[in-house]
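Welcome to the tour. Open your viewer, find the selection tool, and follow along stop by stop.

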Amino acid sequence: MLSVVFSPKSVRSGLRTLLLSTALLGMAAQTVSAQAVDDDADQGLNLPKDVTIFGKNDPNVRKATAIVNGRIITGTDVDQRLALIITANGGKVSAEEKERLRVQVLRNLIDETLQIQEAAANDIKIDPAEVNQSYERVAANFRKSPPQFDQYLREQGSSASSIKRQIEGELAWSRLLRRNIQPFVNVSEDEVKSVVDRLNAAKGSDEVRISEIYLSSTPENRDQITANARNIIEQIKQGGSFAAYARQFSEASTAVVGGDLGWVRPSQLPTELAQAATELQVGQLAGPIETVGGMSIIYVMDKRKVLTADPRDSLLSLKQLSVLFPAGTSKEAASQKAATFAAAVKEIKGCGQANEIGARIGADVVDNDNVKLRDLPPQLQDILVNLQVGESTPPFGSINDGVRVLIICGRDEPQSANAPNPEQIQAQLEEERVNKRARIYLRDLRRDAVIEYN
């Protein structure tokens with residue numbers, strides 16, 4: 001799935017000062033311009049001394065980028081939403097890529113506007129207090145208070161209102177689907193039982209947890225959507241957040257959870273996606289994959305065996321030893337310090353010596369209990385799954401984050417696999433059907449919309 005910090009009073013005071021200064025500068029400019037007219041009147045222009053302006057050109061008025069059923073989407077709206085994506089990519093977006101993303105952002109804002117309008121037409125209104133509560137949770141994810149998050153967003157070229165607008169759209173659309181679609185989606189007990197039977201029959205087979213970014217397309221815009229999908233993939237490969245791109249661009253209902261489809265067996269997926277999900281390793285992505293009605297990008301978050309105890313579900317007790325590098329440390333100096341750290345770590349014989357050796361080399365020591373192996377980065381999972389109690393990982397880290405190791409102090413192996421949960425299966429089947437109908441619903445809203453572009 002962001003984070004930020006501000007001071008509203010100081011911001012408002014600063015804005016008032018800025019506006020006052022701007023007004024004064026404007027008055028001064030008018031005085032100078034009037035004097036210039038007097039001075040230049042005899043230089044061939046023959047300008048009147050009393051000028052009447054016909055029409056108005058206010059630079060503070062934001063021009064529309066698009067008007068959706070009368071609702072204006074401005075260039076500022078697009079810029080601020082685009083800034084969120086650029087921030088999620090650490091600012092590493094080329095000028096050319098920005099322009100491509102801008103087109104997609106505008107398309108998303110149009111869909112968002114249609115969703116909010118349709119919800120309002122169905123007497124669904126989102127309480128601002130509810131939006132603010134969701135905004136506070138987003139800010140908390142960034143370990144910031146709402147005022148601090150406001151400030152952070154402004155520094156990134158975005159705004160609190162941009163995120164709140166997105167939150168409003170997600171809440172409105174979700175509520176609309178629950179009212180107009182979900183009640184008419186039925187999953188029978190026989191269907192659930194059939195899935196349970198298939199799961200039991202498939203015990204030991206592969207199951208994957210994947211995330212998806214779905215972009216709808218038509219024969220007319222297929223090439224453009226394919227190019228957009230490839231650009232998104234390139235940005236993710238360069239370090240962009242898959243979840244952030246899914247939230248901004250995916251047209252599936254799973255966009256609100258970063259595209260997470262949950263645990264599925266390949267046979268439950270469309271044939272095109274199933275093949276890719278089977279071939280990919282954890283941490284890899286594939287696409288664009290052409291599916292019915294659009295293009296998909298998928299990311300494999302995890303894999304396991306159906307109804308089979310998985311060592312990656314073990315709970316670990318860990319000790320972490322870490323050494324930070326001072327600001328400005330060169331790569332050579334960091335490598336030397338890391339080598340010294342690695343040599344000291346080799347002397348550790350179990351967790352009992354970790355604190356003593358950590359203190360000797362100036363390392364921070366942190367205890368972590370009940371850590372689920374599956375929740376760790378894939379690279380560490382592959383190492384820790386084969387280590388015994390008392391053994392440690394090789395040193396890992398970076399110049400910015402320092403170097404560290406993990407020592408296994410205890411391991412609780414999973415005793416048995418979870419049996420199929422009928423309630424969860426029913427919920428998943430219902431979500432799939434709601435998602436399919438939601439795509440059709442949004443497609444129809446686009447067809448009926450009156451959209452003007454500038």
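Of the 454 residues of the protein, what percentage count as buried? The answer is 39%. Keep in mind as you look around that this is a predicted model.

**The whole protein**

Begin with everything shown as a cartoon. You should find 14 helices and 11 strands. Now switch on the surface: the accessible area comes to about 25900 Å², and carbon and sulfur atoms own 51% of that area.

**Helix 2 and Arg 81**

Select residues 75-88, which form helix 2. This helix has 14 residues, and from its first C-alpha to its last it reaches 20 Å, close to the 20 Å expected at 1.5 Å a residue. Colour its buried residues next: Val 78, Gln 80, Arg 81, Leu 82, Ala 83, Leu 84, Ile 85, Ile 86 and Thr 87. The cover over these buried residues includes strand 2 (71-74), helix 3, helix 5 (146-155), helix 6 (160-180) and helix 9 (242-249).

Stay in this helix and zoom in on Arg 81. Is Arg 81 buried or exposed? Arg 81 counts as buried because its relative accessibility is 3%, below the 20% cut-off. Show its contacts beyond the neighbours within four places in sequence, and you will meet Val 105, Leu 109, Glu 112, Ser 162, Arg 165, Gln 166 and Gln 248.

**Helix 3 and Gln 115**

Move on to Gln 115, found in helix 3. Gln 115 is buried, because its relative accessible area is 13%. Setting aside residues within four places in sequence, Gln 115 is in contact with Gly 169, Trp 173 and Leu 442. Try the distance tool here: the C-alpha atoms of Gln 115 and Leu 445 are separated by 8.2 Å, although the two residues are 330 residues apart along the chain.

**The largest cavity**

Rolling a probe the size of a water molecule over the atoms shows where empty space is left. Which residues line the largest cavity? Select Arg 100, Leu 101, Gln 104, Asn 228, Asn 231 and Ile 232 to see them. Helix 3 (95-121) and helix 8 (222-237) are the elements that give two or more residues to this lining. The volume of the cavity is about 40 Å³. By type, the lining residues divide into 2 nonpolar, 3 polar and 1 charged.

**Helix 8**

Keep helix 8 selected. Its end C-alpha atoms are 23 Å apart, which agrees with the 22 Å that 16 residues should span at 1.5 Å a residue. Its buried residues are Ile 225, Thr 226, Asn 228, Ala 229, Asn 231, Ile 232, Ile 233, Gln 235 and Ile 236. Among the elements that cover them are helix 3, helix 9 and strand 3 (206-216), and strand 5 (285-291) and strand 6 (294-305) are also included. Following helix 8, look for Gly 239, whose phi is positive, near 115°.

**Backbone surprises**

Most residues other than glycine have a negative phi, and most peptide bonds are trans. The next three places to select depart from that pattern.

- Gly 287 and Pro 288 are joined by a cis peptide bond, with omega about -5°. You will find Pro 288 in strand 5.
- Asn 69 is not a glycine, yet its phi is positive, about 50°. Look for Asn 69 in the loop between strand 1 (64-68) and strand 2. Asn 69 counts as partly exposed because its relative accessibility is 40%.
- Asp 123 also has a positive phi, near 60°, in a residue other than glycine. Asp 123 sits in the loop between helix 3 and helix 4 (128-141). With 65% relative accessibility, Asp 123 counts as exposed.

**Last stop: Ala 354**

Finish with helix 12 (residues 354-361), where Ala 354 lies. Ala 354 counts as buried because its relative accessibility is 0%. Which residues does Ala 354 touch, not counting those up to four places away in sequence? Select Lys 319, Leu 321, Ile 348, Val 365 and Ile 407. Leu 321 is worth a distance check too: its C-alpha atom and that of Ala 354 are separated by 7.8 Å, with their positions 33 residues apart along the chain.

Note on methods. Residues numbered from 1 in each chain as written. Predicted model: local features only at pLDDT ≥ 70, side-chain atom pairs only at ≥ 80, totals over all residues. Heavy atoms only, no water. 1 Å grid on protein atoms, 1.4 Å probe; cavity = no way out; pocket = protein on both sides within 12 Å on 5 of 7 lines; lining within 4 Å. Points joined across faces, edges and corners; volume = space filled by probe spheres on them. Helix = DSSP H or I, 4+ residues; strand = E, 2+ residues; numbered from the N terminus. Nonpolar A, V, L, I, M, F, W, Y, C, P; charged D, E, K, R; others polar. Buried < 20%, exposed > 50% of the residue type's maximum accessible area, 1.4 Å probe, protein only. Contact = heavy atoms within 4.5 Å. Expected span 1.5 Å × (residues − 1). Areas by Shrake-Rupley, 256 points an atom, 1.4 Å probe, with all protein chains shown as cover.
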